[in-house]
Structure formats: C-alpha cells, structure tokens
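Work through the following exercises with the structure open beside you, and try each task before you read its solution.

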Amino acid sequence: MCQLLGMNANTPTDVMFSFTGLATRAHEHKDGFGIAFFEGKGLRLFVDHDSARESPIAELVKRYPIKSCNVIAHIRKATQGVTALQNCHPFVRELWGHYWVFAHNGDLKDFHPRLHGAFRPVGDTDSERAFCWLMQEFAKAHACMPSVEELTRTLAELVPQLAARGTFNMLLSNGAALWAHCSTSLQYLVRQHPFRPAKLQDEDLRVDFAQVTTPNDRVAVVATEPLTADEAWTPMQRSELRVFVDGRPL
C-alpha cells in the first residue's frame, strides 16, 4: 500500500521535516512520489516516477522551505497502473475556479465509473478514476463553491460508495480545508503552543518547533502511520471522515 501525508495550518508553514520522514519510507514504496503545495489560488506540484529516496526532486523538496497552509504528499506502491509519471499522486483538477488535489492509499476493485468530458483520468489507476468521479459528483451537487460544511456533508454521502469497492484512505484539499477519510489506517496530530521538540521515527532528525513558530501558530498533520516517535498521534477510526481547517479538526 502507499503512504499519505497531509498538512493543514492556520499560517503558511513548511513541511520539510514531515516530508523527510515520509520519504524515508520509500524503500518499500518506490513506485513514484508527489507533493502539492497550495499558495493562494496557485499550486506547486512536484511528481516523479522514481523513488522519493533517490529522486533529485525529492531532495529539493526536503531542503526547499516552501510555505503553505495546505499540503498533500504521497509515496506510491503500485497496485493498479504502471510505474509512470501520469500515475503519480497527488492528482490535480479544477472545479469552480479552484484547484483540487487528491491522493489515495488503497485498492478499489473493478471501479470503472461512467465519466463525462469534464473529468477524465489521464493515467490508468483506480485512484485517479475515483478522484474524477468525486469531482464529477461535486459538480452535479453544487453549482458553485459551497461552504466547507456543505462540502463535508456531500463528501460523507459519496465516500462510502468508493469505500464499498475496497480500501479507500484518502486526502483531499481545495486550499481552504483538508479532508481525510480512513478505511484502514490514518493518524493525525495537532501542533500548537506550547510547542515542543519532535524526532522522526525513521530518521535521526529532530526539530524544536518552539524555535521556529509563534504562540499563534497551529498545524495539523495527517499520515498513514505516525511520523514522529515522541508525539501523541490520534488514530482515525474505520470509515471516519474528518475535515481540518486552520490547523485543527472541525
């Protein structure tokens, strides 16, 4: 299975520490990686079909302090679709004049929904088909961008239809919020004042967040498995859908 990383914050924050921890796990998840950063209405997207442990692009992301309020990253272990750039998550689409970013960990069996012209997959993964279907159903349900609460209610109706096809751990963002659905494994934590040091679980790297934050900062981090060894991560329950805004779960 793949591994997911999401970040939602109340002030632009870099994700170098967490991404370094995620990339360390790419010895098993070596079929490509990707990471997307929202910046206002814009988006920076980095993808590579090489392993995040070997890719020069991944090395750039580890050392380049891009600051964002919403980030989604993914390291891939292919279950459907060839190892190729077009199959690397996260995937991006436009809806209602905003970018949407999606990443999936799991395997949806025999999922080939009928899709119209606005949303069609470029690659051959079940994940991209699921994203296109979600965007299509969003567009059917709402004429323009609804509130986060309305979107969450719509997503709560749609996600069980995907989860019924197999394993559906996913992250989704429009730059205003981060949605997470757990089918088998997702964990989250919220970092806020008073900030403390943290050490990566898979790498000898420690950061004292008190030295790089202000008392007003708040950051939520979502991952397939805990990335740090000395912080209290909260496991999400099976079939649980959560939305994060301004660095905290609603």
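**Exercise 1. Two helices**

Task: Describe how α3 passes α4, and then work out which class their packing angle belongs to.

Solution: In this predicted model, α3 passes α4 in a right-handed crossing. As a next step, take the geometry of the pair: α3 (residues 126-141) and helix α4 (residues 148-163) pack at an angle of about 140°, and their axes are 11 Å apart. Angles over 145 degrees would count as roughly antiparallel and those from 65 to 115 as roughly perpendicular, so α3 is oblique to α4. The next step is to find the residues that make the contact: α3 contributes Ala130, Trp133, Leu134, Glu137, Phe138 and Ala141, while α4 contributes Leu151, Thr154, Leu155, Leu158, Gln161 and Leu162. Sorted by class, the contact of α3 with α4 has nine nonpolar, two polar and one charged residues.

**Exercise 2. Aromatic pairs**

Task: Classify the ring pair Trp96 and Trp100, and then the ring pair Phe102 and Phe131.

Solution: A pair of aromatic rings is described by the distance of the centres and the angle of the planes. A search of the whole structure finds eleven aromatic pairs. For Trp96 and Trp100, the ring centres are 6.1 Å apart and the planes stand at 70°, so this pair is edge-to-face. Both Trp96 and Trp100 are buried. For Phe102 and Phe131, the centres are 5.0 Å apart and the planes are at 5°, so this pair is stacked. This stacked pair links distant parts of the chain, since Phe102 belongs to strand β6 (residues 98-108) and Phe131 to helix α3, 29 residues apart. Phe102 counts as buried because its relative accessibility is 0%, and Phe131 likewise counts as buried at 0%. Finally, Trp96, Trp100, Phe138 and Trp179 form one aromatic cluster.

**Exercise 3. Unusual backbone**

Task: Where are the cis peptide bonds before Pro90 and Pro194 placed, and is Asp110 buried or exposed?

Solution: Most residues other than glycine have a negative phi, and most peptide bonds are trans. A cis peptide bond joins His89 and Pro90, with omega about -5°, and Pro90 sits in the loop between β4 and β5. Another cis peptide bond joins His193 and Pro194, with omega about 0°, and Pro194 sits in the loop between β9 and β10. Turning to phi, Asp110 is not a glycine and yet has a positive phi of about 55°; this residue lies in the loop between β6 and α3, and at 65% relative accessibility Asp110 counts as exposed. Asp246 also has a positive phi of about 55°, lies in the loop between β14 and β15, and is partly exposed, with a relative accessible area of 41%.

Terms used:
Residues numbered from 1 in each chain as written. Predicted model: local features only at pLDDT ≥ 70, side-chain atom pairs only at ≥ 80, totals over all residues. Heavy atoms only, no water. Phe/Tyr/Trp six-rings, centres within 6.5 Å; stacked < 30°, edge-to-face > 60°. Buried < 20%, exposed > 50% of the residue type's maximum accessible area, 1.4 Å probe, protein only. Helix = DSSP H or I, 4+ residues; strand = E, 2+ residues; numbered from the N terminus. Axes fitted to C-alpha atoms, helices over the stretch in contact; angles between N-to-C directions. Parallel < 35°, antiparallel > 145°, perpendicular 65-115°, else oblique. Left-handed = near helix turned anticlockwise from the far one by under 90°. Contact = heavy atoms within 4.5 Å. Nonpolar A, V, L, I, M, F, W, Y, C, P; charged D, E, K, R; others polar.
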